[in-house]
Amino acid sequence: MSHPFPPPEDSNDSANPNIHHISTPSRRQVLKGGWAAMSAQVFAAMGLSACATTGQGPRAALGFKPVGVNTLDQVTVPEGYEAQVLVPWGEPVGLSGEDPAFKWDASNTAAEQAAQLGMHHDGIQFLPLPALGTGLLVINHEYTDDGLLHRDGMATWSAEKVRKSQAAHGLSIVEVTQEQGRWRSVRPSPYARRITAHTPMHFSGPAAGHSLLRTAADPQGMSPLGTFNNCGNGLTPWGTVLTTEENFIGYFNGPAQPDAHGKRWGLRSGGAGYRWHEHDARFDATRHPNEPNRFGWLVEIDPQDPSSVPVKRTALGRGSHEAARIVLTQDGRAVVYSGEDARFEYIYKFVSRDRMQPGGAKANLHLLDHGTLYVARFDANGRGQWLPLTHGSHPLDAAHGFQDTGEVLVKSRQASDALGATKMDRPEWIEVDQQGWVYVTLTNNTSRGVGNNPGVDAANPRANNSMGHIIRWKESGDFDATSFDWNHLVLAGDPAQSRPQAQGNIRGDAFACPDGLWVDTRGVLWIQTDISSNTIAKGEMSGVGHNALLALDPRSGEVRRFLVGPAGCEITGMTGTPDGTTVFVNIQHPGESPSERSDPKQPRQYSNWPDFRPDGRPRSATLAIRKRDGGVVGT
Ligand code: FEO
Ligand code: CA
Ligand code: CA
C-alpha cells in the first residue's frame, strides 16, 4: 500500500488538533521572545501554547541551489552558505581551565579522553541559555574506531585501552556561543560534562529493581553504570534530553549456547567486537548474565544540572533504540516515539499517564515512569494499530512466560513478537512535523525476503531493500490515539541502479539509506544518509556519491541536496538555533575504511578531514552552518 506523494495541501491539516502540540516553537514565537525567552521551561510552555499562534502551520519552500554529487574529502554546502567545524573528537569539553589538549598521535590517556569530546558524534540537541547567542550542545558519541583511537590500534590490548575506549563513548555537554557569526565552545563552563560507559546512573519505572536487572555488583538492580552506543536523541518539552542505547549487545561476550532470551537479542560467544570484556569482566555475560539487560534503554539526562544522575526509564521499553521523539498531547501528556534499528524489529510509542507540569526537569522527575507502551502494526489497508504491551492481558501473561510488567519491558522484543507487531526494515530516526505527521526512516534491510527471513509486506514493500524508505503516519486524533493512517513518503534509491527494486521514486535529488531526520521551524524535513562504506566500496550506489544531507519540502515532495560530506563519513544528528539562522550537523566517522576499523599505520588512508595536518587523523565533528547573509537556513 503505497501513496508516494499525497496531495500537498492535506485538507485535514487545519482541523487536526495535533499541529498545536509539538514541542518545536514557531519562528514567529522565537522572534517575538528572543533567545532569552527560550530557556527550557519557557520552551516547554511554548509547546503547549503553540495553538494560539501557529494557525495553519508554517509553509516550507526550498530557496537554495542544490549541490551536486561529489566524492571530495571536504564538506560541500550551497552557494551563500558557510560550514564551520566545531567541537571535534578530542577537543576538551571545558571541565576546568587545565584541559588536556588533543594529541595528534592518539596518545591521550583514558583520563584525558574522559575530559575531551568522545568519538563518532551522532544525535545532537541545542538548548538555548538565557544569554542571547549562547546554548548547550548535547552530543551523542555513538561508538569508537579503536584503530584510530589508540596509537597502535588494537595490536596490543590493555585495561588502559579499554578505559579509553569506554571514555570515548557516551555523551558530551558543551557550552557554545556565537560572536559576529562565528561559533566557539566556552571553556571552562559550569555546564561542561562528559557521560561515559562508567557514569553512575539510576533505573526508574516498572522494571527498576527487577530480578533480570540485578547483578553481583548491584544486587538491588537499581544502579547501572554508564551508557554507550548512543545514537539518536530527543529534547523533552521540560528541558531534558533522552538518549538512546542502540547496538549494545555487540559489547558483550556471550556463552557458547545462549538461552532463548540471549538468542533473541543476538548475544553470542565472540560477539564482543570491542573486546572490553577481556579487561572488564562486567562485559563478559558468561560471568554476569544480567548485565546486557541493563542496556537498551532510553536514558533521561538533565543538561542544565551537571550534578544530576542520568536515569534509565524502563517504562519506555528496551531495544536497540535509535530515535527518541517527544511530543505532548493536547492535555499535556508526554508521548515518546522510538524504533529499533535492527532488521525485522519494531516501532514503539509510550504515552504517559500524567500531564507535564510547569517547572522544568525537577517538576517532571517521574513523568516517564508511568504510562502505556505500545508497538506498531501496519496493516495493508493503510491503517495501523498501536498494540499495548500490557502485562496480564493475553498473550503477555505468565502462561506465555511473562511473569510481570518488568519482564515484559526487559523482553520488549519477545512481547512484540507475541502481539504480532510489524517487523520493519531497520527503523532509525523519527520526527514529527507541524502538521502532526510522524515520519520514520527505514534505512535498509538487505535480508528482507532473502532465505528464511520474512518476505515483503505493505509497510516494507521491497525485497533485498538496499536503499531504504520513509514511512509517515497521522494518528487518529491526538498523539495518544491507538490507531493511525500511514503511507510511504518516499522509496529511496539510485535511479541509475539496474536492479528495478532499488530504483525508488524520489522527486528531485536522489539519496539512499535515510537515517537522521529533523523538521525545522518551517516544516522542512531534513534527511541524512548513512550508506555504509562497505556498500559504497562495492559500487552499489553509483549515482549517489558521499553521504549527504537533503531537504524535503513535504508540501511539494521536492528533494534538494544541501550538503555532501567528506570521504567515508555518514551524516547524522541535526538541530538548530530557535531563530533558524544556524543549524548544527554532525559528521560521523570521516575516513571510515570498508572494514570499519582503521589501520593505525595509515590513519589518513581514506580521509584527513577536518584538520588536513600531515600528522593528523580524521575526526568526527559538529558543523555550524549559516547563511552568509544571516538568513534562515534553507530559505
Ligand atoms: Fe546508530 Fe542506527 O544508527
Ligand atoms: Ca543512525
Ligand atoms: Ca545508520
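1. The calcium ion (ligand 2) in this predicted model takes its donors from Glu322 (OE), Glu428 (OE) and Asp515 (OD), the last listed twice, at 2.3 to 2.6 Å. Donors here are N, O and S atoms within 2.8 Å of the metal (3.2 Å for Na, K and Ca), and water is not among the atoms, so sites may look incomplete. Along the sequence, the spacing of these donor residues reads E-x105-E-x86-D.

2. Glutamate 322 sits in the loop between strand E11 (311-313) and strand E12 (325-328), while aspartate 515 is in strand E24 (residues 514-519); the pair links distant parts of the chain, 193 residues apart. Strands (E, at least two residues) and helices (H or I, at least four) are DSSP runs, numbered from the N terminus. Both glutamate 322 and aspartate 515 are buried, meaning under 20% relative accessible area (1.4 Å probe, protein chains only).

3. Now the neighbouring ion: the calcium ion (ligand 3) lies 3.6 Å from the calcium ion (ligand 2), with glutamate 428 coordinating both.

4. For the calcium ion (ligand 3), the protein donors are Glu428 (OE), Asp515 (OD) and Asp530 (OD), at 2.3 to 2.5 Å. Their sequence spacing is E-x86-D-x14-D. Aspartate 515 is in strand E24 and aspartate 530 in the loop between strand E25 (525-529) and helix H10 (533-537), so this pair ties together parts 15 residues apart in sequence. Aspartate 515 and aspartate 530 are both buried.

5. Some bookkeeping. Residues are numbered from 1 along each chain as its sequence is written, and chains are lettered from A and ligands numbered from 1 in the order in which they are written. Local features need pLDDT of at least 70, side-chain atom pairs count only at pLDDT 80 or more, and totals for chains, interfaces and linings use all residues, while side-chain values use heavy atoms, leaving out hydrogens and water.

Conventions. Buried < 20%, exposed > 50% of the residue type's maximum accessible area, 1.4 Å probe, protein only.
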